[in-house]
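Me: I would like to learn how to read a predicted two-chain model feature by feature, beginning with how far the coordinates can be trusted. Could you take me through it, giving the general idea each time and then the case at hand?

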Amino acid sequence: MSLISRSITRILAGGLLTAFAASISQPAAAAAGDVSVEIDLTGGVTILYYQSTLKVAIDTTGFVTAGTCASTGTAPNVYFDCPTSAAATINASVTGVTGLVGTSGGPTTTGTAGFGTNLSAVPLVLNNVWAVRALGGNTANTTVQVALQAANKTLTAPASGGTIVLNGIDLGTGSLAAAPGTAPVTTTKTATFADPGLTTTQAGYVVLNLDMSNAKAASAAGAAYTATGPQYVISITST
Amino acid sequence: MQAFLKTHRLVGSLAAAVFCLCQASEAAAAVDTGPMRVLGTTSATIQLPPIRLEELADRAVEPISAAPRRAVHTNGALIANGQLSLPPIRTQITRTIRSAWTLRVPAARGMTASSFTRVDAHVESAAGNDRLADPQHPDSGIVVEVHAKPAQVVSMDKSATTLQGDIELTLDISDIKTAGRYTGRVVITLEGT
């Protein structure tokens with residue numbers, strides 16, 4: 001081998017060695033470890049939603065047993081003439097969307113034919129007026145309470161002088177399509193249910209038992225029966 | 001030329017042998033047996049702060065406005081149906097583990113902080129990857145997205161450089177069905193050149 005050839009060989013070999021050496025002196029760095037973590041979600045998160053202002057227009061046409069009374073007019077002003085032993089006439093009308101109303105012409109709760117409602121105890125079912133998100137807390141359940149406010153249980157319609165008295169209250173989960181099976185109470189009522197979680201909700205209803213025996217037709221649309229304060233207070237009493 | 005080939009083969013064999021030794025050393029280090037490759041983490045379970053109400057919603061009691069309702073006398077009651085339009089809650093919360101890991105790099109190894117160019121982390125638990133699990137409720141889990149912050153040099157002297165890093169966990173509570181203690185392991189891997 002010539003001197004030139006030996007030199008080339010040494011240069012090439014040196015280059016290869018340098019390349020390998022470079023790869024050896026800078027090995028891939030790697031390290032691994034782990035950390036145990038825990039998050040305690042037993043402390044509890046509860047959120048109560050409620051409809052803060054309720055305006056309810058009561059359609060009194062349903063108070064009359066279908067087919068037994070002659071009616072005139074069109075909704076929301078429908079008048080009924082129901083046969084009774086005293087030949088009384090019941091006029092029920094609904095005015096506007098926030099007022100109700102009542103009756104004139106001497107409605108009675110007994111001795112009538114066709115008038116199928118006891119006006120002193122009319123359940124008003126307010127479906128989906130509250131909802132709860134809940135997870136954790138003292139138990140796996142949540143309790144919602146509703147309290148009737150005695151100071152504001154009488155609603156008045158200044159224009160007509162009529163009154164509607166809230167003489168009972170009830171509370172439950174889900175919704176109702178008929179009168180509740182439980183008797184209303186005059187103080188507080190609770191409903192207890194399993195925590196629904198945080199991304200799902202448990203909705204519920206409130207029932208107000210209305211004494212409408214002194215309700216009278218409002219004189220104008222919007223002349224609603226009102227009181228100065230809230231009629232009920234809803235709250236979470238246990239999580 | 002024949003001499004060149006012999007020399008080339010020799011150099012290649014030597015280099016391969018040294019490389020293999022180095023790889024063997026790396027493989028051993030990968031199981032945390034060497035001083036270089038031990039990633040320092042706490043052995044105690046890190047308690048993440050519990051979820052607070054204000055992280056999910058603005059208030060605990062939320063009044064909702066709704067349209068007027070019409071009550072119709074049906075089945076012995078006035079039925080007033082309606083809907084509450086509930087505001088959504090925030091379903092993702094973040095927790096940061098400060099200095100989740102520490103790595104001491106001896107100067108003799110010729111490595112620096114910049115040698116570790118990639119920090120990866122993920123969560124493992126009985127509920128599977130990327131979830132924290134509640135042993136009492138195996139069907140419920142918290143989906144976790146892990147973000148490893150870049151390595152930071154916290155000290156440097158002639159003998160070694162010490163690196164630390166934070167880990168950020170984004171917890172998605174959408175799938176939580178029950179309250180409990182949700183646990184898991186955050187596996188951290190550092191890689192580089």
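The dialogue below goes through confidence, chain make-up, strand pairing, the core, one buried tyrosine and two backbone angles.

Me: Before anything else, how are residues, chains and confidence limits to be read here?

Reply: Residues are numbered from 1 along each chain as its sequence is written, while chains are lettered from A and ligands numbered from 1 in the order in which they are written. This is a predicted model, in which local features need a pLDDT of at least 70 and side-chain atom pairs count only at pLDDT 80 or more, whereas totals for chains, interfaces and linings use all residues.

Me: What is the average pLDDT of chain A, and which elements have the lowest and highest means?

Reply: Where pLDDT is low, the predicted coordinates should not be read in detail. The pLDDT is the predictor's confidence in each residue, from 0 to 100, and chain A averages 73, with 62% of the residues scoring at least 70. Among the elements of chain A, β7 (residues 103-104) has the lowest mean, 36, and β12(A) the highest, 97. Over residues 84-114 of chain A the pLDDT is below 50, although this stretch has 94 contacts in the model beyond near neighbours in sequence; a contact requires that the C-beta atoms of two residues, placed from the backbone, lie within 7 Å.

Me: How many helices and strands does each chain have?

Reply: Helices (H or I, at least four residues) and strands (E, at least two) are DSSP runs, numbered from the N terminus. Chain A has one helix and 14 strands, and chain B has two helices and 12 strands. Buried residues, those with 20 or more other C-beta atoms within 10 Å of their own (exposed means 12 or fewer, partly exposed in between, with C-beta atoms placed from the backbone), make up 38% of the 239 residues in chain A and 27% of the 193 residues in chain B.

Me: What is the strand order of the open three-stranded sheet in chain A, and which strands stand at its edges?

Reply: Strands of a sheet pair through backbone hydrogen bonds, either parallel or antiparallel; here, two strands pair if DSSP finds at least two bridges between them. The order is β12-β9-β14 in chain A, with antiparallel pairing. Because β12 (188-194) and β14 (232-238) each have a single partner strand, one side of each is left without a neighbour in the sheet. Strand β9 (residues 141-148) of chain A is joined to β12(A) by seven bridges, and one of the bridge pairs places Ala147(A) opposite Thr188(A).

Me: Which way do the residues of β3(A) point, and which strand of chain B is joined to β3(A)?

Reply: In a regular strand the side chains alternate between the two faces of the sheet. In β3 (residues 56-59) of chain A, Val56(A) and Ile58(A) point one way, Ala57(A) and Asp59(A) the other, and all are buried. Four bridges join β3(A) to β3 (residues 69-74) of chain B, and these strands run parallel; the bridge partner of Ile58(A) is Ala71(B).

Me: Which residues touch the most other members of the largest nonpolar core?

Reply: In soluble globular proteins, nonpolar side chains tend to be buried together. A nonpolar core is a set of buried Ala, Val, Leu, Ile, Met, Phe, Trp, Tyr and Cys residues joined through C-beta atoms within 7 Å. Of the 81 residues in the largest one, Leu124(A), Val125(A), Val206(A), Leu78(B) and Ile188(B) touch the most other members. Its largest share, 10 residues, comes from strand β8 (residues 122-135) of chain A.

Me: Is Tyr49(A) buried or exposed, and which residues is Tyr49(A) in contact with?

Reply: Tyr49(A), in strand β2 (residues 45-51) of chain A, is buried, with 23 other C-beta atoms within 10 Å. Leaving aside neighbours within four places in sequence, Tyr49(A) has contacts that include Trp130(A), Glu62(B) and Leu86(B).

Me: Which residues other than glycine have a positive phi, for example?

Reply: Most residues other than glycine have a negative phi, and most peptide bonds are trans. Asn128(A) has a positive phi of about 55°; this residue lies in strand β8 of chain A and counts as buried, with 20 C-beta neighbours inside 10 Å. Asn75(B), with a positive phi near 50°, is found in the loop between β3 and β4 (77-80) of chain B and counts as exposed, with 12 C-beta neighbours inside 10 Å.
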